[in-house]
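Trainee: I'd like to learn how to read enclosed spaces and metal sites in a protein model. Could you walk me through an example?

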Amino acid sequence: MVNRLEIHSIWSGLVQAWKVIWQDAADSQRWAAFAPHCDRLMVLARQQGLTRIESELLPLLELLQKLSRPGEEDKAVVDRLLPGVFAAVREVCSDNYDAEARGGAHSMPVIVMLVQHASAWQELGLQMEQYGYRLQIFSNYRLGMQAAITARAIAVVVELGTSDDAAVMALIDELNRYGPKWFALAREASFALRLTAVRHASHGFFLTPLSAPMLADAVDPLTFKTKDEPYRVLILDDSPTVLASIRKTLNQFPNIHTQTLRQPEQVLDVMGEFSPDVLLLDFHMNGCNGLEVAKIIRQNKTFESVPIVYLTAETSEHVQLEAMRNGGDDFLTKPISQAQLVNTVISKAERYRGLRKLMVEDSLTGLYNHVKAKTLLQQAILMAERQKSTVSYAMLDIDHFKRVNDTYGHSVGDKVIRALARFLKQQVRRADVVGRYGGEEFVIVFFDCTPDDAFEKLNEMREAFGLVQHTYEGGSFSVTLSAGIANFPAYLTMGELVVAADEALYAAKRAGRNCVMRAAIP
Ligand code: GH3
Ligand code: MG
């Protein structure tokens, strides 16, 4: 597995050093400060077998070795090479890289546990299967560690606080070289033990009792990554040469889609269709300037937060400040450094995506929030209308949830809500929508799914979730679900569909809970 953090930090240093050279390429001291970053990246790439980074870096290192009196020409060559290196770095650091290396996201990820008494953890092993993980439990730590490496485990949980922690730490140091994340597990957590764990690069610390939702919560971010949609970059510039050159640089990145535009008057239409994550905007164009275009864009509510990066030969601070005040986010000064171009575009796009995510997500569970789930339901109905297919819409609610809060406390209640959110997300198909309507009420939009299939799936999920044990300080408990389901085209509008599913849910509650009811055929 790849140490992304280290690659990332080397890359950031390298880019900083490059920015300094960009301002004055004739200063050989600046080049001398830049070269070690490239060397470090090469060493790491070789150690970790990252052949793409290695091959992209090679011509750069060869050039750096030959430099005697560096200048503008060398700067131009390196600037052409850097985006390729960056593309390789991005590929390796992408969330899917490890999953793909492990043989695809479909195989069940393995978690290895090294514990004193293996038999005490069998139940957790069964529970973790409900969350899509295979737990392998060992009381022989060395054997377990070897198994973790062979099985390419995503995580290793190591019980500490035993008499021989020093020997265990030596094993962990070995394990750390292979990359799976490790988590400490202990009955008590003294500061000294926590310190030992972090000094040996632990990823987290669990106290017993360790529950399946807690473990799943901790390892979920290491796996089940969905492939991000490519970033969309719109470039508005009246010079075909500039457009072609920027496009060529950005197209080296498989996760960037570009669209170019030469006529400012079409900008709103194109933004509406293309929905960019970043707009690169020429500052001086025929007929109008970038500042005016930015103002027009910002007056449109839909685009008020799309990042705008000006492309300009303007170096006057006054003009740049004025432009930033009018809705710009950044400047790239012509001639544009390709390395800076890709860095700026990707960092702005990432931030914008992050912001948008916050707007549509429910903060407790990361599921779609009420508003977004409804929008997606509406889209699903329109699509089903066009394609003459079916959409099923389910509403789910935890039974007697108030008792959970009253008996075990609100934070245990929150954990149950999160456990259900994760469970639903894992159970449905990737294209299906899972949302939280607030409280302990959830919705699912099953795309292109017959009412019978959706009903059966929902019933399976209800049964499986009823088996999940939720832990609290004094032990564990389980909860049940009720659900109601309705479908398009039996109900033709979103409003009717929502009411029908809601009524079916309440029929399920009245029928004694822990069951799924279908809406009556109208
Ligand atoms: P029923 O089987 O009829 O659904 O009974 P219930 O107790 O689940 O239903 P009710 O609607 O009476 O209570 C829901 C409770 O959920 C009330 C509220 O305190 C709790 N709740 C709502 N949102 C949250 C949350 O975000 N976290 C936690 N822990 N509790 C919540
Ligand atoms: Mg309830």
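Trainee: Where does the largest cavity lie with respect to the domains?

Mentor: A handy approach is to ask who supplies the lining. In this predicted model, domain 2 (110-223) and domain 4 (370-518) both contribute lining residues, so the largest cavity lies between them.

Trainee: Which residues line the largest cavity?

Mentor: Ser 211, Pro 213, Met 214, Val 412, Lys 415, Val 416, His 470 and Thr 471 do. Sorted by class, that makes four nonpolar, three polar and one charged residues.

Trainee: And which elements each supply at least two residues of that lining?

Mentor: They are helix 10 (212-219), helix 18 (410-427) and strand 14 (470-472). Helix 18 gives the largest share, with three residues.

Trainee: How many cavities of 30 Å³ or more are there, and how much space lies in the largest cavity?

Mentor: The count is three, and the largest cavity holds about 60 Å³.

Trainee: Now the metal. Which residues coordinate the magnesium ion (ligand 2)?

Mentor: For a metal site, look at the donor atoms and then at their places along the chain. Here the donors are Asp 397 (OD), Ile 398 (O) and Glu 440 (OE), at 2.0 to 2.2 Å from the magnesium ion. Their spacing along the chain reads D-I-x41-E. Asp 397 sits in strand 11 (residues 391-398), while Glu 440 is in the loop between strand 12 (433-438) and strand 13 (441-447); the pair, 43 residues apart, links distant parts of the chain.

Trainee: Are Asp 397 and Glu 440 buried or exposed?

Mentor: Both Asp 397 and Glu 440 are buried.

Technical notes
Residues are numbered from 1 along each chain as its sequence is written. Chains are lettered from A and ligands numbered from 1 in the order in which they are written. This is a predicted model: local features need pLDDT of at least 70, side-chain atom pairs count only at pLDDT 80 or more; totals for chains, interfaces and linings use all residues. Side-chain values use heavy atoms; hydrogens and water are left out. On a 1 Å grid over the protein atoms alone, a cavity is a set of points where a 1.4 Å probe fits but cannot get out, and a pocket is an open set with protein on both sides within 12 Å along at least five of seven lines; lining residues have an atom within 4 Å of a point. Grid points are joined across faces, edges and corners, and a volume is the space filled by probe spheres set on the points. Helices (H or I, at least four residues) and strands (E, at least two) are DSSP runs, numbered from the N terminus. Ala, Val, Leu, Ile, Met, Phe, Trp, Tyr, Cys and Pro count as nonpolar, Asp, Glu, Lys and Arg as charged, and the others, Gly among them, as polar. Domain bounds come from an automatic or database domain assignment. Donors are N, O and S atoms within 2.8 Å of the metal (3.2 Å for Na, K and Ca); water is not among the atoms, so sites may look incomplete. Buried means under 20% relative accessible area, exposed over 50%, partly exposed in between (1.4 Å probe, protein chains only).
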